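Colleague: Could you walk me through how some helices pack here, and how each label is earned?

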Amino acid sequence: QDASEAFHAARHSHSAKASMARYMVGYIKCIPTSYRLLEHGEQECTVLCILSRLILCVAIKAATVSGVFVGLVVPAGPTPASSSVADLMLASFLLAAATGALATMFRLLSKSQHISLDWSENALALGLLVYQVGFVASCQGSWSGGLSSLELCAGALLLIETLAELRGNFRFDRVIGFLGPAVAIIWSWCYRTRQAAGPQADAFEAAGLGLGMRVAADASVQWCFSGLITAISLSLSLRHLGFGSHGMKAGFSQDRVASSAKAGLQLSGLYGAMGVFAMVATSPKASQRLGAMTAELGVILPPLLAASAVSFVGLLALFSAAVSCSPAFAARGMAFGLAAVGLLASGFGSLSWLAGLGFLAHLSILAARNRLALHDASEAGRFADVPLHIIGAQALWDRVRFLLGIFIWKLIVLRMQDLVNMLLPRELRVFASDTAFPNVGCSEDGTYLGVAAHFAPRKARGQKQMPQYFVCNVGQICQNALPDMQRTMNTLIDVWREFQEPDMKGL
């Protein structure tokens with residue numbers, strides 16, 4: 001119970017107030033009623049851990065599947081389109097089956113052997129199977145220096161979440177706000193696709209094959225389709241797992257959602273194994289390819305186990321983010337992770353940086369609208385009902401902006417301060433603050449308000465003797481009166497030098 005008002009009304013003595021430190025057991029944690037910058041550390045750390053796990057798992061899975069697993073299972077070809085759909089589907093079914101086997105082992109170790117045959121969990125399993133197929137194709141569909149399918153998947157995920165948000169609350173200004181980032185991303189994609197298709201088209205034309213730009217067009221359609229089905233299957237799987245637009249539906253608990261997720265992973269492994277058997281039974285080429293992989297089991301098995309383990313952990317991190325936060329938050333976190341991995345894989349040349357700026361602008365718009373929603377909740381007295389991950393995400397975004405701004409300021413402005421001071425006479429110098437100050441707004445006459453701070457050396461702070469008097473020097477400086485200002489400053493410096501005398505008792 002907060003007894004501060006009664007305590008101050010009792011008019012305790014200074015000695016009584018000084019003795020309070022011995023009996024203090026902790027600070028009172030008041031329920032926040034508004035968003036305050038850099039004061040929501042607990043929520044910020046929670047969101048940082050969730051996003052770090054999710055993005056790290058996405059990056060490791062993409063690197064493992066693309067660089068190790070697909071490179072050994074899928075035969076390499078001269079062009080991105082040369083890898084057949086059958087080879088990619090066989091690799092995807094094998095990965096899904098291995099991931100399901102790991103999920104089964106995990107469930108057996110947790111002493112929960114029941115597998116539900118409910119239609120919702122079977123639908124989740126099919127969605128996860130389609131997601132595995134699309135993700136493997138997306139990891140394989142990247143051109144050196146060109147467009148990555150992971151970027152396409154990220155863009156499709158963000159588009160799906162934006163449409164889902166606008167479905168219940170359509171506003172034209174929200175649509176206009178996302179047009180700029182969308183145009184930048186699409187422009188970068190089109191330019192890089194055309195640039196990557198140029199050498200391939202020239203090579204085929206020089207060989208007399210007469211394929212030309214159609215090869216690049218077929219590859220683009222294939223990788224666009226793989227990124228699209230990955231995004232759709234992932235978004236539907238998250239929303240199908242007992243979630244609404246912003247959290248779990250009524251009647252669902254975290255234990256039930258976790259059980260359904262594990263059952264869906266197991267059933268997706270079962271469907272993946274059935275897909276492998278179906279391809280072997282119907283396709284002689286798939287049967288030959290599986291036989292070749294069986295003959296090289298010592299080479300194929302380690303990357304298969306590594307990719308399945310990373311895939312299993314990544315899906316668990318994704319479901320954990322959806323349970324702890326919301327499916328929209330998990331999907332967007334996954335999207336920005338895929339965009340970062342795709343941009344790093346394709347490099348920042350050929351206008352890749354433009355797509356990166358587009359994704360960053362989209363994130364900035366989401367943060368600005370989130371800050372406005374927090375302000376509206378505070379004004380309406382509903383700030384306590386705001387989900388913690390929304391507050392933590394805003395606090396994390398503001399923390400990153402603060403650290404980045406301070407880094408740029410110290411890297412550029414403070415270095416310029418030293419350079420300018422070298423050029424100025426020794427009686428003059430310029431100052432640049434090492435840290436940021438609170439922006440307390442602007443007064444009615446247009447004068448910006450700031451904070452005045454006094455920095456005293458450690459020796460001065462340790463002295464207990466109080467000064468006998470203070471001197472406040474007030475002067476009126478006319479506009480464009482630089483000589484008058486310089487005379488005032490020179491006089492002030494003389495006063496300060498006088499105060500530095502040892503026999504001076506004042507401050």
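Modeller: Happily! Let's start with the angle: angles run from 0 to 180 degrees between N-to-C directions. Please keep in mind that this is a predicted model.

Colleague: What makes α12 oblique to α13?

Modeller: The axes of helix α12 (residues 297-324) and helix α13 (residues 327-346) cross at roughly 140 degrees and come within 7 Å. Roughly antiparallel needs an angle over 145, and roughly perpendicular covers 65 to 115. The angle fits neither range, so α12 is oblique to α13. As for handedness, α12 passes α13 in a right-handed crossing.

Colleague: Which residues make the contact between α12 and α13?

Modeller: On α12 they are L318, A321 and A322, while α13 brings P327, A330 and M334. By class, that contact has six nonpolar residues, with no polar and no charged ones.

Colleague: Now the next pair. Why are α13 and α14 called roughly antiparallel?

Modeller: α13 packs with helix α14 (residues 352-379) at an angle of about 160 degrees, and their axes are 10 Å apart. The cut-off for roughly antiparallel is over 145, so α13 and α14 earn that name. Their crossing is left-handed.

Colleague: Which residues of α13 and α14 touch?

Modeller: From α13 come R332, F336, A339, L343 and S346. α14 answers with S352, A355, G356, F359, H362, L363 and L366.

Colleague: How do the residues of the contact of α13 with α14 divide by class?

Modeller: Seven are nonpolar, four polar and one charged. Arg counts as charged, so R332 is the charged one in this contact.

Note on methods
Residues numbered from 1 in each chain as written. Predicted model: local features only at pLDDT ≥ 70, side-chain atom pairs only at ≥ 80, totals over all residues. Heavy atoms only, no water. Helix = DSSP H or I, 4+ residues; strand = E, 2+ residues; numbered from the N terminus. Parallel < 35°, antiparallel > 145°, perpendicular 65-115°, else oblique. Left-handed = near helix turned anticlockwise from the far one by under 90°. Contact = heavy atoms within 4.5 Å.
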